[in-house]
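Morning, everyone. Let's walk through a structure that may be new to you. Have a look at it first.

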Amino acid sequence: MKIRSALNGLPFPIFSFFRILNSGKQIAFILATIVLINLNTASGQVYPYQNFSVREGLIHSNVYSIAQDHTGYMWFATENGLSRFDGITFENKTLIELGLTSYISSVYVDENNIIYLGTGTDGIFKYTPISGKIEKVNKTPVEPSSQIVIKNEELISLHEIHFIEILSK
C-alpha cells in the first residue's frame, strides 16, 4: 500500500494516463475515437490515373483542351497539333499536317464525330477524321478560342478576351 500511494503522488504523466484508463467509459471513448478517425480516412476513394507525356506518344506536353468522341477516342488539343488516343497509343497530326500555323486551343466533337478546332490566331476549323479533310469555319482570324460549344445548330466560340463568336454550323 505504501508503494501505491507513493506512486500516486508523483508528477509523472504516465501515471496520470494509467489512472484515466481505469475508467471503463474513458476506455470506450478512446476506442470509439480511434475507430472514427480510421473510418474517416478510409472512406475516401482513390481513382486510378495515368499521366501521359511526349514519352508515351502525346504530340506535346501542353494540352489546352480534351474531348471524347462517340467511338471512345480522346482528342487532345496541344501546342504542336492534335493527338488522338485510343486507350493504348496516340496518333498525332502536326500543325503543318493540319495546315495550321497557330496552336490548337480548344477541341469539340459534335454528334457526327466531326472535330471542331479553335486555334490561337488562325480561327476555327472543322476536321473530319475519316477523310482527314479540314476546312475553316470562320472567315477572319480571331483571338484564341478557349472553348467551343455547339447548340441548336450554332457554333459558339468563347474567347480569352471575353468575346463570344456565334457561327452557323
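Helices and strands here are DSSP runs, at least four residues for a helix and at least two for a strand, numbered from the N terminus. This is a predicted model. By that definition, the protein chain has four helices and eleven strands.

Now the overall picture. The chain has 169 residues, and 30% of them are buried. About 11500 Å² is exposed, with 59% of that coming from carbon and sulfur atoms. Take the contacts with a separation of 6 or more: 31% of these link residues 24 or more positions apart.

On to the sheet. In what order do the four strands of the open sheet run? The order is β5-β6-β7-β8, and the pairing is antiparallel. β5 and β8, residues 133-136, are at the edges. Each has a single partner strand, so one side of each lacks a neighbour in the sheet. From one strand to the next, the twist averages 25°.

Look at the middle of that order. β6 and β7 run antiparallel and are joined by four bridges. Leucine 117 sits opposite phenylalanine 125 in β7.

Next, the core. In soluble globular proteins, nonpolar side chains tend to be buried together. Here the largest nonpolar core has 14 residues. Which residues have the most contacts inside it? They are Leu82, Ile104, Val107 and Leu117. At least two core residues come from each of β2 (74-78), α4 (95-98), β5 (104-109), β6 (115-119) and β7 (124-128). β5 gives the most, with three residues.

So keep an eye on β5: it is an edge strand of the sheet, and it gives the most to the largest nonpolar core.

Technical notes: Residues are numbered from 1 along each chain as its sequence is written. This is a predicted model: local features need pLDDT of at least 70, side-chain atom pairs count only at pLDDT 80 or more; totals for chains, interfaces and linings use all residues. Side-chain values use heavy atoms; hydrogens and water are left out. A nonpolar core is a set of buried Ala, Val, Leu, Ile, Met, Phe, Trp, Tyr and Cys residues joined through side-chain atoms within 4.5 Å. Buried means under 20% relative accessible area, exposed over 50%, partly exposed in between (1.4 Å probe, protein chains only). Two strands pair if DSSP finds at least two bridges between them. Axes are lines fitted to C-alpha atoms, for helices over the stretch in contact, and angles run from 0 to 180 degrees between N-to-C directions. Contact means heavy atoms within 4.5 Å. Accessible areas come from the Shrake-Rupley method with a 1.4 Å probe; for residues, only the protein chains shown count as cover.
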